[in-house]
Number of protein chains: 2
Amino acid sequence: MNNFIYRNPTKVLFGKGMIARIRSEIPANEKVLLLSGGGSIRENGVYEQVMGALEGFSVTEFSGIPANPTYEKCMEALALVKNNDISFLLAVGGGSVIDAAKFIALARYSAPGESPWEMMRNNAKAPSQALPIGAVLTLPATGSEWNSGFVISRLETNEKLTCGHFTVFPQFSVLDPETTFSLPKQQLRNGLVDCFVHVLEQYMTIPNHAPLQDRQAEAVLSTVIEIAEDVMTLQNDYNSRASMMWCASQALNGLLNRGVIMDWATHDIGHRLTATYHLDHAATLAIILPGVWENQIVAKEAKLVQYGKRVWSLNGSNEEIAYAAIHATEEFFRKLGMGTHFSDYGIDGEVAAAKIAATYNGADQPILGENRNINSTVIYSILKSRT
Amino acid sequence: MNNFIYRNPTKVLFGKGMIARIRSEIPANEKVLLLSGGGSIRENGVYEQVMGALEGFSVTEFSGIPANPTYEKCMEALALVKNNDISFLLAVGGGSVIDAAKFIALARYSAPGESPWEMMRNNAKAPSQALPIGAVLTLPATGSEWNSGFVISRLETNEKLTCGHFTVFPQFSVLDPETTFSLPKQQLRNGLVDCFVHVLEQYMTIPNHAPLQDRQAEAVLSTVIEIAEDVMTLQNDYNSRASMMWCASQALNGLLNRGVIMDWATHDIGHRLTATYHLDHAATLAIILPGVWENQIVAKEAKLVQYGKRVWSLNGSNEEIAYAAIHATEEFFRKLGMGTHFSDYGIDGEVAAAKIAATYNGADQPILGENRNINSTVIYSILKSRT
């Protein structure tokens, strides 16, 4: 087990009716900016609950933050923050809105003359302070409500980059499973796959004498498999939605990866696929993950076998179990209705493979995977296998 | 799943060599009181590491805090705190030392004329502020390093009472597995049993639509079973000790019990057994737990069966699995060398049963268990079954 440090100060308020509590979580006299996405919170009652809880506060609103939140949109919100002396950001929505809030919270303190985009290219350039953030989660998926990471896309340059900073843990996050009742199936499917792959990126590498972390990861994976059908088929089922919300938050609150060796190749490639083809994040993961695993099957065999036995109850030789575990994972995605090949999305896989692999050429580009052996050539071959 | 709130702000520094980091975790100019136990830290190198890290700080020392830390000893330390204007408590030791630090940290702010013992009898009477605390853990067991609870005994009255307060989460806790290398077998055994039973008190009740919490609890239980033999037989095995430390901390950091229904009958009875007979805490748990389960086997059957199947791979009818799961648990304790009956400790079980059950008579006494059906009469019968 590797050395590690862990601290996660976010206060989680979980359950029905908890939105009303944000009133006592935001200090009086704060000037609040309510950040939201495409408008669904105005149709499912969440907006009314939030505004009711904020009665008496000075509230400015900024909506329209898109999935894969953009630098351009965040900069619009930043101008509003500065012009209105906003002192508290309340993100109401999914991971995209929360990620945008984190970027804006830090960008508020960017040095004069420095572009806030610099911190996305070099995390060390993040300012040392940020506006306080609160979150009301309405789409369980990314885990952003309980961590300090965020992903921002820049349309101008086709970049989708990740940053993390200890100042942007939400002060509080409300997780009310009832807010998910109105979600369309596509977003539920995306959330389940995103959560599942988050766990696997932290787990499916090589054993590192971390049996508790392994079993905790398997606990999330097994639970997601157990609840998936209810989540997809029962619209107002509180219990399965509650477990989905708790799984997605636990998948990326930082505990599963303490002391272990991580991968994240699938995410890195996936971000570029989204930036280029505007595919949903989860769709990119479902396409790429099986390809990465097949390509790395020798290095990952021990963990694939452990996963296959414990999570999918597979039997056979180690090689058989490893392949069957990859197959079971892809079948799980497909049963959710998620395409796992480029052709499912009407994309020419060979063209996409060439285009994405090309972005990994150049001395400043990362070599991916826990063994740092997935370069542009390997990425081409992985993506080509997913046509 | 029930509604819940979760926040745990403690910073965990995990791994070999991490004691040196406390230097940058304690603000400069703090007047530090180093609290410790019976003296083992002076024999295993921990004291030297801590003092090295504290070079330049004003450090006062207070040692001799006993297992089952006493009110009387804590009040001695409190006098030192007041006389020396101590501003930071550094607990170096096991859960007893950390628990004592929490009590002292709050007692520092008890209202003039009010006995600090009042908060143990009525948690609502705890002061609203506390001295900051840091911890260097040397005995993985109680989880106190990562939560806000503490248990204090009062010799004068034979009381052993529990309190919890959000102000006494340690600001940081160092978990260095190497500090456990010199632990005697009795303390390792105690730590494994304590951790194991902590999980079970939060798990072995009735299903509450919390499949992730269930599986996370089973993850800790399965890991403790997996590592137990290495912990007990390999003195300097870093990996098994690291997992033991991580299991014990995760067992009681508050995550496992969010939204679920808890028991804690075994602990309540156990505390009184320790107060009266001065048995090790873990020994009382090993005696009582199987008795509580057998007594409550009908109510607990669904969870006993789930536990039996998933943690012990048991087969058979539900009733068979439930009994076999109790048996497997007791056998696990016995294999560690832990006595599970009064006779193992030279105690007359019938006398003890009568004596402890008598403390539960009276209108102010709790009725225990998740179904609030374990009263004095039931406790007598449970304890009598453990002669």
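**A helix pair, a buried loop residue and a two-fold axis**

In this predicted model, helix α7 (residues 211–233) of chain B and helix α8 (residues 238–251) of chain B have axes that come within 9 Å and cross at roughly 145°. The crossing of α7(B) and α8(B) is left-handed. On the side of α7(B), the residues that take part are B:V220, B:T223, B:V224, B:I227, B:D230 and B:V231, and in α8(B) they meet B:S240, B:R241, B:S243, B:M244, B:C247, B:Q250 and B:A251. Sorted by class, this contact of α7(B) with α8(B) has seven nonpolar, four polar and two charged residues.

In chain A, the loop between α8 (238–251) and α9 (265–277) holds A:N257. Is A:N257 buried or exposed? With 22 other C-beta atoms within 10 Å, A:N257 counts as buried, because the cut-off for that class is 20 or more. Once its neighbours within four places in sequence are left aside, A:N257 is in contact with A:Q202 and A:M262. A:V174, by comparison, lies 83 residues from A:N257 along the chain, and the C-alpha atoms of the two are separated by 24 Å.

The two chains can now be considered together. A turn of 180° and a shift of 0.0 Å along the axis lay chain B on chain A with an RMSD of 0.0 Å. The two copies are therefore related as by a two-fold rotation axis. Among the residues of chain B, B:P9 comes closest to the rotation axis, with its C-alpha at 2.2 Å. Both copies use the same surface, since 100% of the contact residues of chain B recur in chain A.

Methods:
Residues are numbered from 1 along each chain as its sequence is written. Chains are lettered from A and ligands numbered from 1 in the order in which they are written. This is a predicted model: local features need pLDDT of at least 70, side-chain atom pairs count only at pLDDT 80 or more; totals for chains, interfaces and linings use all residues. Axes are lines fitted to C-alpha atoms, for helices over the stretch in contact, and angles run from 0 to 180 degrees between N-to-C directions. Helices (H or I, at least four residues) and strands (E, at least two) are DSSP runs, numbered from the N terminus. A crossing is left-handed if the near helix is turned anticlockwise from the far one by less than a right angle, and right-handed if clockwise. Two residues are in contact if their C-beta atoms, placed from the backbone, lie within 7 Å. Ala, Val, Leu, Ile, Met, Phe, Trp, Tyr, Cys and Pro count as nonpolar, Asp, Glu, Lys and Arg as charged, and the others, Gly among them, as polar. A residue is buried if 20 or more other C-beta atoms lie within 10 Å of its own, exposed if 12 or fewer, and partly exposed in between; C-beta atoms are placed from the backbone. Copies are superposed by least squares on the C-alpha atoms of residues with pLDDT of at least 70 in both.
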